[in-house]
Amino acid sequence: MPFPILRTPSVVQSEIISLLEPNEIVTASVCSKNLKHLFKSNFPRGKPLAWRLTMTDMNSCGRVDIETSDDGEQITVISAEHTSELKGHELKYINRYKRAKKCPVLFFNDQVLGTKWIVKYVTDLFSIDISSLFVDRNGTWAIDWVHKRQGKILYDFGWLETTKGNSDADKTVDYVLRNVRASNYCAIEASVSDNFKFEGKLGPMRQLYIHSNGHWITLNNLINFNSIEITVRGSRLSISDLNSFLRHWRAGGSSRLKWLQVNFEKHTFQEKFDEDLEVVETDEEKVYHRSGYGFERVVHGGYSIQRADGVKALIQCDPKQFILATWHERAMGSQQL
């Protein structure tokens, strides 16, 4: 039996609304303008301030997710698909719901316009900005769109494009790198040509993650990336490049960097550090607690290197990877990244 929430006392309405999950509120709000107005006017003011809204446009599907707690679990509240996805479904009309997904799925003749519509709808309903953006090549339009519609910088950003043979991949990746701004996490996975080069800067941010195909990362890129943590996979950096970077670091460069991990494309890396770097072998062990992730990394032995300002770092390397993990002398055994 339907519950007559619109005819209940305001105190009861507020109590009911406070118990609903974001996807339940969105689903109910699209049923009528009166319900939407009720939710907007009665929803606890401070509650969405701690929420993080994620906009996704990948695989020709737009989606809005909301993270309501620190456990990282996201709730999909609404999505937008192209009308061509209706083929094979029993659904006969555009803009109906797929109930099995426990949230409204709206169908549009223009999926980009549909994605814009659902994002505008949810951000207006809860009065919150977009916190995170995850897109592929077809969703690159969203970068400028998000920046223009809100003053708040993105918290997380992810760009995924692994299709090989894409003729405009280099141009697209260059555009993404030059225009994306994220304060916490930036992940790039791209299949670019061997000739691709990026001459710009990235950051400041907390973590930069080049998932794969990182052959385009150069010494200058490492120097110009302003991030606390940097991970590069599929790298072609040489020992000469890394010696130059260590020299830059010892001189006070990349002062925010606490963790650098480079995984090599070919497992043929051999350590040979220049004498002026004063790298010495060590059997020290440090435990690095990576904030916001709930896990730790133990770095045992390898090499030790120190800057003039007292900042030390452990280096671990083998044919597959190179790790530089820094800490201040006062940390005494463990470092919060």
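This passage describes the fold of a predicted model, taking its strands, helix contacts and one arginine in turn.

The protein contains eight helices and 15 strands. Of its 337 residues, 48% are buried. Contacts that reach far along the chain are well represented. Among contacts with a separation of 6 or more, 57% link residues 24 or more positions apart.

Strand β1 spans residues 52–58 and is mostly covered. Five of its seven residues are buried. β1 pairs with strand β2, residues 61–67, and the two run antiparallel. Seven bridges join them. Within this pairing, Met55 of β1 has Val64 of β2 as its bridge partner. The two strands form a hairpin, with two residues between them. Asn59 lies in the turn and has a positive phi of about 55 degrees. β1 also pairs with strand β5, residues 130–136. Here the sense is parallel, and the pairing extends over five bridges. Thr56 stands opposite Phe134 of β5. β1 thus has an antiparallel partner in β2 and a parallel partner in β5. In a regular strand, side chains alternate between the two faces of the sheet.

Helix α5 covers residues 141–149, and helix α6 covers residues 169–179. Their axes come within 10 Å and cross at roughly 20 degrees. An angle under 35 degrees counts as roughly parallel, and α5 and α6 are therefore roughly parallel to each other. The crossing of α5 past α6 is left-handed. On the α5 side, the contact is made by Ile143, Asp144 and His147. On the α6 side, Tyr175, Val176 and Asn179 take part. These contact residues comprise three nonpolar, two polar and one charged.

Burial in α5 falls on Ala142, Ile143, Trp145 and Val146. Ile143 is thus buried and also belongs to the contact with α6. The buried residues of α5 pack against several elements: β1, α4 (111–126), β5, β6 (154–161) and α6. In α6, the buried residues are Ala169, Thr172, Val173, Asp174, Val176 and Leu177. Val176 is among them, and it is also one of the residues that touch α5. The cover over the buried residues of α6 includes α5, β6, β7 (182–190) and β8 (202–210). β6 therefore appears in the surroundings of both helices, packing with the buried residues of α5 and covering those of α6. An α-helix has 3.6 residues a turn, so residues three or four places apart point the same way.

A second helix pair involves α2, residues 22–29, and α3, residues 33–42. Their axes come within 8 Å and cross at roughly 145 degrees. Ile25, Ala28 and Ser29 of α2 meet Leu35, Lys36 and Phe39 of α3. Four of the residues in this contact are nonpolar, one is polar and one is charged.

Arg297 sits in strand β12, residues 295–306. Its relative accessible area is 27%, which makes Arg297 partly exposed. Beyond its neighbours within four places in sequence, Arg297 is in contact with seven residues named here: Trp259, Gln261, Lys286, Val287, Tyr288, Gln321 and Ile323. Lys286 is 11 residues from Arg297 in sequence. The C-alpha atoms of Arg297 and Lys286 are 8.4 Å apart in space.

Definitions and conventions. Residues numbered from 1 in each chain as written. Predicted model: local features only at pLDDT ≥ 70, side-chain atom pairs only at ≥ 80, totals over all residues. Heavy atoms only, no water. Buried < 20%, exposed > 50% of the residue type's maximum accessible area, 1.4 Å probe, protein only. Helix = DSSP H or I, 4+ residues; strand = E, 2+ residues; numbered from the N terminus. Pairing = 2+ DSSP bridges. Axes fitted to C-alpha atoms, helices over the stretch in contact; angles between N-to-C directions. Parallel < 35°, antiparallel > 145°, perpendicular 65-115°, else oblique. Left-handed = near helix turned anticlockwise from the far one by under 90°. Contact = heavy atoms within 4.5 Å. Nonpolar A, V, L, I, M, F, W, Y, C, P; charged D, E, K, R; others polar.
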